[in-house]
Amino acid sequence: MSGQSITDRIAAAQHSMTGSAISKAVCKATTHEASAPKKKHLDYLMHCTNELNVNIPHLADTLFERTANQSWVVVFKALITTHHLMMYGNERFIQYLASRSTLFNLNNFVDKGALQGYDMSIYIRRYSRYLTERALSYRLVAADFTKMKRGTDGVMRSMSIEKLMKTLPIIQNQLDALLDFEASSNELTNGVINCAFTLLFKDSIRIFAAYNEGVINLLEKYFNMKKNQCKEALEIYKRFLIRMTKLSEFLKVAEAPSSLLEALEQHLASLDGKKMKEASTVSREVEGDRLQPAKAVQLKDIGMQTPTISPSGQSVGSANSSCTSSGATELLSSPPDLTITNG
């Protein structure tokens with residue numbers, strides 16, 4: 001499938017006639033062409049989220065309408081566009097999504113008529129569940145885990161034990177929903193799913209960074225906890241170890257470098273009396289120049305940067321990190337072994 005379909009062109013023309021620039025941009029970002037949404041359309045929509053005169057509910061509802069399409073390509077690209085705006089758009093976009101009781105009605109979505117339709121429908125259902133969980137997490141903690149301030153004075157490291165006990169299970173749920181995408185290397189067969197996987201890969205690194213710092217804080221406070229808190233903290237830590245294994249499997253599809261392994265090990269090794277400064281430095285490098293997924297998935301494609309808190313709610317990272325149309329995601333030849341060093 002190449003180029004815009006007649007349906008796409010008619011829809012775009014209709015939006016042009018009605019003067020709805022946002023609807024037209026959404027339509028162009030979610031065409032029937034089996035490739036990633038074009039950067040220029042994503043950039044325009046991201047810019048719209050920063051304009052005070054733009055109706056965010058209208059923008060979101062237009063995307064939701066596209067997920068009602070029967071084509072897996074259109075629906076998948078609508079989810080990707082939504083995910084992109086959650087990552088790079090103004091914070092009021094995810095705030096609006098978090099305020100809704102429901103987002104997507106895709107639990108039973110199946111496209112039986114198109115090439116790859118059945119297989120891609122499985123990933124659409126999983127992807128929509130993750131985006132729903134992402135919005136729910138924001139609703140519960142009033143913050144985006146992928147954009148939290150990090151380091152020894154960061155949000156998760158300075159959180160009280162009571163709040164930490166409530167927050168870590170929420171991070172676990174969001175990470176679980178992401179890892180449930182479960183795409184194997186053989187299933188990354190087109191630019192659309194490759195684009196979705198790239199965004200998920202980026203989220204996984206940032207979510208785990210917050211998760212890991214929360215666990216460090218938890219273990220540092222462990223011997224000062226009450227008995228019931230110790231029991232709960234121990235269960236949280238055991239679940240953390242399980243998710244380490246799942247994350248390792250996920251990263252096998254997108255060849256993470258050994259520097260990621262080193263950063264994770266140093267974070268945990270810091271609990272064994274090593275300098276926190278060293279662990280924090282390595283952690284920051286995870287999303288810096290050292291994090292360069294091998295082969296075709298380069299830093300410029302996923303826009304990996306250290307998350308920061310911005311009062312204005314501006315996006316973290318670069319808008320240029322949208323998936324390329326080729327959707328290139330090379331596969332792993334020698335995946336990392338995420339081994340935990342415990343004290």
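**Figure 1. Cysteines and disulfides in the predicted model.** The structure, a predicted model, holds zero disulfides. Two of its cysteines can be shown in close-up, Cys27 and Cys230. Cys27 has a relative accessible area of 3%, under the 20% cut-off, and therefore counts as buried. Cys230 is also buried, because its value of 16% falls under that 20% limit. Cys230 lies within the residue range of helix 10, which runs from 227 to 251.

**Figure 2. Overall make-up of the protein chain.** The protein chain contains 13 helices and zero strands. Read from the N terminus, its elements run α-α-α-α-α-α-α-α-α-α-α-α-α. The chain has 343 residues, and buried residues make up 55% of them.

**Figure 3. Helix 5, residues 72–88.** How many of the 17 residues of helix 5 are buried? The count is 17 of the 17, so helix 5 is largely enclosed by the rest of the structure. The end C-alpha atoms of helix 5 are 24 Å apart. This agrees with the span of 24 Å that its 17 residues should have at 1.5 Å a residue, because the expected value is 1.5 Å times one less than the number of residues.

**Figure 4. Ser23 and its contact with His58.** Ser23 sits in helix 2, which covers residues 21–29. With a relative accessible area of 6%, Ser23 is buried. The side chains of Ser23 and His58 are joined by a polar contact of 3.5 Å. Along the chain these two residues, Ser23 and His58, are 35 residues apart, and their C-alpha atoms are separated by 8.7 Å.

**Figure 5. Arg134 and its contact with Asp144.** Arg134 belongs to helix 7, a helix that spans 117–141. Is Arg134 buried or exposed? Arg134 is buried, as its relative accessible area is 2%. Its side chain makes a polar contact of 3.3 Å with the side chain of Asp144.

**Figure 6. Gln116, a residue with positive phi.** Gln116 is not a glycine, yet its phi is positive, at about 70°. Where is Gln116 placed? Gln116 is in the loop between helix 6 (91–99) and helix 7 (117–141). A relative accessible area of 30% makes Gln116 partly exposed, because this value lies between the cut-offs of 20% and 50%.

**Figure 7. Glu182, in a loop and in a pocket lining.** Glu182 has a positive phi of about 50°, although it is not a glycine. The loop that holds Glu182 lies between helix 8 (161–179) and helix 9 (191–221). Glu182 counts as exposed, because its relative accessibility of 51% is over 50%. Glu182 is also one of the residues that line the second largest pocket.

**Figure 8. The second largest pocket.** About 150 Å³ of space lies in this pocket. Which residues line the second largest pocket? The lining is formed by Leu179, Asp180, Glu182, Ala183, Ser184, Lys246, Glu249, Phe250 and Val253. Helix 10 (residues 227–251) gives the most to this lining, with three residues. By type, the lining residues of the second largest pocket divide into four nonpolar, one polar and four charged.

Notes:
Residues are numbered from 1 along each chain as its sequence is written. This is a predicted model: local features need pLDDT of at least 70, side-chain atom pairs count only at pLDDT 80 or more; totals for chains, interfaces and linings use all residues. Side-chain values use heavy atoms; hydrogens and water are left out. Helices (H or I, at least four residues) and strands (E, at least two) are DSSP runs, numbered from the N terminus. Buried means under 20% relative accessible area, exposed over 50%, partly exposed in between (1.4 Å probe, protein chains only). A polar contact is a pair of N or O atoms within 3.5 Å; within protein, one must be able to donate a hydrogen and the other to accept it, and residues adjacent in sequence count only if both atoms are side-chain atoms. On a 1 Å grid over the protein atoms alone, a cavity is a set of points where a 1.4 Å probe fits but cannot get out, and a pocket is an open set with protein on both sides within 12 Å along at least five of seven lines; lining residues have an atom within 4 Å of a point. Grid points are joined across faces, edges and corners, and a volume is the space filled by probe spheres set on the points. Ala, Val, Leu, Ile, Met, Phe, Trp, Tyr, Cys and Pro count as nonpolar, Asp, Glu, Lys and Arg as charged, and the others, Gly among them, as polar. A disulfide is a pair of cysteine sulfur atoms within 2.5 Å.
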